[in-house]
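Here is a set of questions and answers on the packing and strand pairing of one model. Please look at the sequence and coordinates before reading on.

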Amino acid sequence: MTSGNFRPVRYSTARTIVCEPGAIRQLGKICTTLSSDKVFLVTDPGILEARLHEAALSSLSGAGISCSIFQDVQADPPEDIVLNALIRARAEKIDTVIGLGGGSSMDVAKLIAALCNSPQALSDAYGVVNLTGNRLPLVQIPTTAGTGSEVTPISVITTGATTKAAVVAPQLLPDVALLDPELTVGLPPHVTASTGIDAMVHAIEAFTSAIHKNPYSDMLATQALELMSANIETAVHDGENLDARTAMLFGSLLAGQAFANAPVAAVHALAYPLGGHFHILHGLSNSLVLPHVLRFNYETSAHLYATLARIIMQPTSSDGASDDVVSESLADYFEALVDRLMMPSKLRDLDVPRDSLPMLARDAMKQERLLINNPRELDEQDALRIYEAAY
């Protein structure tokens with residue numbers, strides 16, 4: 001990047017980031033610094049079943065802080081979940097919000113913190129920078145290495161049977177992102193694989209983002225991809241390996257920071273309809289279309305993909321090769337990686353009907369917020385061809 005085309009940079013993230021094994025035991029002390037008295041813990045039934053919340057409760061209790069638990073979060077949370085949580089949080093006069101879980105729990109926690117003491121309706125907050133007012137203190141604790149939601153100013157909510165909307169606003173960034181890799185040790189391999197691929201896509205799409213790509217997001221994205229490509233297979237196949245779990249969790253955070261400032265694009269735009277219509281896990285949806293979006297984008301982004309391919313390939317395997325040749329290996333790498341991670345690789349493997357592809361392409365085009373970030377302009381026919389290639 002030369003001085004003639006240097007883009008303006010505005011970078012925002014969580015105020016404090018903590019990443020270390022056992023970090024959950026610092027939660028009480030952290031909430032004390034936020035002047036917390038009664039916290040609202042937003043999570044899901046699986047977290048409670050796995051008893052991942054117990055260390056958090058113990059730490060809060062030890063600091064003399066009371067805690068109310070909202071455990072009804074679902075994947076791709078619908079508006080009703082947010083509204084019900086708001087009713088409870090307001091009735092209980094909570095003063096701090098903690099999100100504990102995957103991206104869904106953290107996305108709901110963001111909105112509770114932002115709207116609990118606000119007269120603004122959730123429906124009026126959708127969009128970019130439409131959220132008004134200040135939020136309550138917010139701590140985010142991810143239990144998967146994937147969404148990066150703990151450091152993004154974005155909350156995605158399901159607004160209808162198959163549609164989603166996002167609230168994008170700086171108020172959604174937390175006071176503290178608390179990363180404890182011990183909380184991810186029990187993740188099943190397929191969840192580790194799906195969320196890991198999701199985070200790697202965040203890094204790739206941030207690095208090629210058409211509008212807000214900048215040197216800072218590039219640095220975060222490349223470091224994230226280096227960490228995760230070196231550790232995802234170990235994390236999936238040797239889930240007790242704490243070093244690999246730590247690398248994946250921190251890599252996911254770096255990728256989240258990258259795409260929070262250089263937003264994601266066509267991979268996510270094409271993945272969302274798959275989740276909305278067929279309830280396919282978000283990371284898996286990304287992995288199904290990723291290689292085909294990469295190949296579509298080669299026309300404009302070969303030099304960028306070559307940079308990323310050289311990060312994840314053995315150093316000698318690309319010596320002397322042109323960017324065009326090296327860039328083509330990126331899609332091949334991910335197709336082989338998905339196979340090694342034992343993930344489905346075709347839409348037909350997940351019972352997606354072939355005659356649904358035109359409908360998926362139409363729905364993907366509604367994701368204008370994402371498509372404007374793609375390095376190559378994509379229309380409905382392009383989307384259909386990508387779905388057909390993924391079928």
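The turns below concern a predicted model.

Q: Which helix supplies the largest share of the largest nonpolar core?
A: The largest nonpolar core holds 82 residues, and those touching the most other members are Ile 197, Met 200, Leu 330, Phe 334, Leu 347 and Tyr 387. The largest share of this core is 14 residues, and these come from helix α11 (residues 282-312).

Q: How many residues are in the other core, which includes Leu 86 and Cys 116?
A: This core lies apart from the core of 82 residues. Among its members are Leu 86, Ile 112, Cys 116 and Leu 136, and its residue count is 29.

Q: Is strand β6 largely enclosed or largely open?
A: Buried here means under 20% relative accessible area. Leu 138, Gln 140 and Pro 142 point one way from β6, Val 139 and Ile 141 point the other way, and all are buried. Because five of the five residues of β6 (residues 138-142) are buried, the strand is largely enclosed by the rest of the structure.

Q: Which residue of β6 stands opposite Gly 99?
A: Strand β4 (residues 96-101) and β6 run parallel and are joined by five bridges. Opposite Gly 99, in β6, stands Gln 140.

Q: Which residue in β9 stands opposite Val 139?
A: β6 also pairs with strand β9 (residues 176-179), in the parallel sense, over two bridges. In β9, the residue opposite Val 139 is Val 176.

Key:
Residues numbered from 1 in each chain as written. Predicted model: local features only at pLDDT ≥ 70, side-chain atom pairs only at ≥ 80, totals over all residues. Heavy atoms only, no water. Core = buried A, V, L, I, M, F, W, Y, C linked by side-chain atoms within 4.5 Å. Buried < 20%, exposed > 50% of the residue type's maximum accessible area, 1.4 Å probe, protein only. Helix = DSSP H or I, 4+ residues; strand = E, 2+ residues; numbered from the N terminus. Pairing = 2+ DSSP bridges.
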